[in-house]
Amino acid sequence: MRRGVNALIDSLLLQRGHLFHWTPVFLALGIGWYFSLRFEPPLWVLWTACALGVAGLLTCRRFGILAGPAACGLALVLIGLALAGARAHQVAGPLLTFRYYGPIEGRIVKIDRSASDALRLTLDQVVLERMAPKRTPLRVRVSLHGRTAFVPVPGAVVMTTGHLSAPNGPVEPGGFDFRRNAWFQRIGAVGYTRVPVVTLAPPGGALPVFAARMALSGHVRDALPGETGAFAAAIMTGDRSGIGQDTLQALRDSNLAHLLAISGLHMGLLAGFLFATLRLMFLMVPPLALRWPIKKFAALGALAGAAGYLVLSGGNIATERAFIMVAVALIAITLDRRALTLRAVAMAALLVLGLWPEALLGPGFQMSFAATTALVAVFAMMRNLPEGWRAPRWLAPVLALFLSSFVAGAATAPIGMAHFNQISHFGLVANLLSVPLMGLLVMPAAVVAALLMPFGLDWIGLWPMQLGLRWILWVAHAVAGADGSVGQVAAPVQPVLPLLASGALFVILWQGRARLFGAVPMIVAVVLWQQSARPLVLISEDGGLVGVMTAAGRALSRSSGAGFVAGNWLENDGDGVAQAQAAARWPRQDGQGIATYDLAGFRLVHVQGKRALKAFAGCDKDDIVVSSTPLAAPLPCLTFDPAKLSQTGATAMYAHPDGLRLRSVSDVTGHRLWHGAPKSPPKAQYVLIRPTSLP
């Protein structure tokens, strides 16, 4: 009898989806476990984890009502570990191990813009001078600096002469790992060129989808010149190469940047418009409407349209993630299930994490699923409200718009603050003024323009689309330009986001009053964030820049150069000043490339360049010397030069009662596949240095 009751309860739990809701959470724990390791697990460990995880899933229901879910959760963690490791090995390719200058040849597979607004090409089928194919990176990314009239053609084979090097690591310990991000894009080298790019061979029919995307993007920009046309091309094809940095910054500062990327909002709006339009068309044919399940037909038609949008937009991970979420909802309609449920969100998360485990670490995945989960949970709760608590029917659409914007903004705000170090104070207002127009005018007009384009009548859709986008851009610039529109936020320590996510998920997914315990990790996360201490000293990985935290903010040793590193440091500090302003905080610079700063008990000296190194008079035992040029002879003080920093990566120093505590990038990341040689993982070295005790 007892066994039968346990089996019945277990079955009911599974059918109601209470356990299924947790499956992506446990899978994400395993993926996060893999990426948090300081060493690369051997292949036999990954195979063992996979085998144990599959065996655990097949047998966990035999363990009873308490042990069964625990066994399933552990099995999913092991499978997540194995999936992430398998994906990392699947995308493996050679990394450039030295600074290369010479001819670069390859086929254009991606066109975008760098942070400095330079046109940037991603090339495959790479050929580098005097480099064997097995050592040549699978892909390289080259920024086109200087004045050039080159117009890239998708699929064309091009050649230039430029500088290449391996993708950079984090700019500080615990920072964003650019090498890891490039690894999963199969980019083994990045660089730039200042000379013209020459086309060696036309596309010849290669990459037809990419060519069609860029042709459509060019047609839209020609029809709608200026930033409006670039915006229209971005939401129709995913091509953002025509958008200027001022517009991008205004969209970010107004919290409207999500309207630019093809995400769940665009995919959902397009699918919803197609679904409603097709269903209305079917209803206008009585024999069809009375005899056939037109709702399911409309869902299948919308699914086909969303798939076409996926292909047309380039099929990047963010768009594929959005398509999976929309596809799950539409398939649920065809199966007579409710489309927007936590079960559908869990299914979409499982598919995304199973296909691209690395997406877990990106802000796109985190913000997308945070917003979707929160919206589904809140609107499910509202469906269960008593009749007297519900808003009048005429007020429901307005309330739903406000509530959805507020809930999505609240759910994604901590993630955006942690990743981008800023918060838009008027973002809710900007979204309330823009998102309805995107759904009611811009996306329907884009669909009409795409359908009429083969007949030369796309202007019918592009004209109203232009009006809507002009309004959105005006709102973005107006909100971004308002006083106090953007607040700067210091970067949190690494445990903060996992604690916030785990607490929020526990509150949403757990059944009963015990869900309130989910507030505990969220409170701990907030306290940790408030108490997060920024490094007293930061040293870049090439020794070219040093930053010291002062009462007025971080002081930088250089007013120009190393701008990418300087910008990231200041952003992570929650400091909105420019590099030149931060450099003005540095008290002592002799004008010959030697910058000196007096710390408590130490003298920090930054020697910049070969000429400054020749003029450098030496150091005392309690000095700390950072040189951007390799040191020829050992010094009696603690030194950092490119040779040493190439082994440790960027280094931070934290204040300690006994002196300074050192922590490098290698202390945090260890050695992984995307770090290249050497293969043996370095040991973590949390070195404490004291005055008069330096080597």
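This is a short talk about aromatic rings, and a few of their neighbours, in one protein model.

Hi everyone, and thanks for coming. Before we start, please keep in mind that what you see is a predicted model.

Let's begin with the rings. How many aromatic pairs does the structure hold? There are 15 of them, and I'd like to walk you through two. In one, F178 meets F564: the ring centres are 5.2 Å apart and the planes stand at 65°. Planes over 60 degrees apart count as edge-to-face, so that is the name for this pair. Now find the two partners in the chain. F178 belongs to helix α5, residues 178-183, while F564 belongs to helix α20, residues 563-573. The pair therefore ties together parts that are 386 residues apart in sequence.

Are these two rings buried or partly exposed? F178 has a relative accessible area of 24%, so we call it partly exposed. F564 comes out at 44%, and it counts as partly exposed as well.

Here is the other pair: W586 with Y597, again edge-to-face, with 5.4 Å from centre to centre and 70° between the planes. W586 sits in the loop between α21 and β12, and Y597 sits in strand β13, residues 594-599, so this pair links parts that are eleven residues apart in sequence. What about the surface? Buried means under 20% relative accessible area. W586 has 4%, so it is buried, and Y597, with 14%, is buried too.

Rings can also gather in groups. If you look for W22, F26, F506 and W510, you'll find that they form one aromatic cluster.

Next, let's look at charges over rings. The charged end of R661 sits over the ring of Y654, 5.0 Å from the ring centre. Likewise, R672 has its charged end over the ring of Y34, and there the distance to the centre is 4.5 Å.

Finally, one more arginine, R588. You can find it in strand β12, which covers residues 588-589. Its relative accessible area is 41%, so R588 is partly exposed. Which residues does R588 touch, leaving out those up to four places away in sequence? The answer is I594, A595, T596 and D598. For a sense of scale, R588 and A445 are 143 residues apart in sequence, and their C-alpha atoms are 59 Å apart in space.

That's my tour. Do pick one of these rings and find it in the structure yourselves. Thank you!

Technical notes:
Residues numbered from 1 in each chain as written. Predicted model: local features only at pLDDT ≥ 70, side-chain atom pairs only at ≥ 80, totals over all residues. Heavy atoms only, no water. Helix = DSSP H or I, 4+ residues; strand = E, 2+ residues; numbered from the N terminus. Buried < 20%, exposed > 50% of the residue type's maximum accessible area, 1.4 Å probe, protein only. Contact = heavy atoms within 4.5 Å. Phe/Tyr/Trp six-rings, centres within 6.5 Å; stacked < 30°, edge-to-face > 60°. Lys NZ or Arg CZ within 6 Å of the ring centre and 35° of its normal.
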